[in-house]
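Work through the exercises below with the structure on your screen. Try each task before you read its solution.

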Amino acid sequence: MIEVLDESALEEILALEAQGFPPTERWSAESWLSEFSHGNYVLGYREKDLLAVASFGRPEGVVDLRTVTVARNHRRQGIAKTLIRAGARWAAQQGAMRMMLEVSQVNDGAIALYSRLGFDGLAIRENYYGDGNDALVMELALADGVGV
Ligand SMILES: CC(C)(COP(=O)(O)OP(=O)(O)OC[C@H]1O[C@@H](n2cnc3c(N)ncnc32)[C@H](O)[C@@H]1OP(=O)(O)O)[C@@H](O)C(=O)NCCC(=O)NCCS
């Protein structure tokens, strides 16, 4: 079940992210709180426990897919695809024409997911993460109302 999350889900989100990202790449509690206070759109996927989270920026023509994480034991079940599609529908309804994201060029799984959803590679940002890894900028057109 997809739900819109608020600050009350902070502890669950932090626990989920701890499964998805190495410590240096995880968002802190402060980062998540600022995500909420800036009015970004945070979607969760829950079956009793929170199994996934995705965050989308405020749509201003372009909407940023800021992060997506799925619990380790629930991957490859279509959950990320479902959450991103829900975020794309919401953004299109808010008038966004494109969704954009940055993904580490070494994150093959995430790049495969985004390509499967129809995102195209747009540019490379060198050493974007400060660890020598480059980011691939990807874009999805939402012009037909949904896009995915
Ligand atoms: C990347 C991630 C979000 C994918 O979530 P998911 O729920 O497993 O993805 P889905 O099941 O919706 O995948 C949909 C399609 O994307 C592709 N895909 C997803 N993960 C893949 C992987 N690891 N390897 C290859 N293809 C993959 C497949 O085509 C998949 O369809 P299929 O299972 O029918 O072959 C998840 O692996 C994760 O949380 N990783 C750690 C955090 C992260 O890297 N987030 C992205 C950067 S912000």
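Three short exercises follow, and they use a predicted model.

**Exercise 1. Describe the overall build of the protein.**

Step 1: Count the elements. The protein has four helices and seven strands.

Step 2: Put them in order. From the N terminus, the elements run β-α-α-β-β-β-α-β-α-β-β.

Step 3: Check the extent. The C-alpha trace spans about 35 × 35 × 30 Å along its principal axes.

Step 4: Compare with a globule. For 148 residues, a compact globule would have a radius of gyration near 15 Å. The protein has 14 Å, so the value agrees.

**Exercise 2. Work out how helix 1 and helix 2 are arranged.**

Step 1: Recall what is needed. Two packed helices are described by the angle and the distance between their axes.

Step 2: Find both values. The axes of helix 1 (residues 10-20) and helix 2 (residues 29-37) come within 10 Å and cross at roughly 125°.

Step 3: Classify the angle. Angles from 65 to 115 degrees count as roughly perpendicular and those over 145 as roughly antiparallel. Helix 1 is therefore oblique to helix 2.

Step 4: Add the hand. This crossing of helix 1 and helix 2 is right-handed.

Step 5: Name the contacts. Leu-10, Ile-13 and Leu-14 of helix 1 meet Ala-29, Trp-32 and Leu-33 of helix 2. The contact has six nonpolar, no polar and no charged residues.

**Exercise 3. Describe the shell around the ligand.**

Step 1: Find the nearest residues. Of the 20 residues around the ligand, Arg-75, Ala-80, Lys-81, Gly-109 and Ala-112 come nearest.

Step 2: Find the elements. Strand 4 (62-70), helix 3 (79-93) and helix 4 (108-116) each give two or more residues. Helix 4 gives the most, with five.

Step 3: Sort by class. The shell has nine nonpolar, seven polar and four charged residues.

Notes
Residues numbered from 1 in each chain as written. Predicted model: local features only at pLDDT ≥ 70, side-chain atom pairs only at ≥ 80, totals over all residues. Near = placed C-beta within 6 Å. Nonpolar A, V, L, I, M, F, W, Y, C, P; charged D, E, K, R; others polar. Axes fitted to C-alpha atoms, helices over the stretch in contact; angles between N-to-C directions. Parallel < 35°, antiparallel > 145°, perpendicular 65-115°, else oblique. Left-handed = near helix turned anticlockwise from the far one by under 90°. Contact = placed C-beta atoms within 7 Å. Rg over C-alpha atoms; globule rule 2.2 N^0.38 Å.
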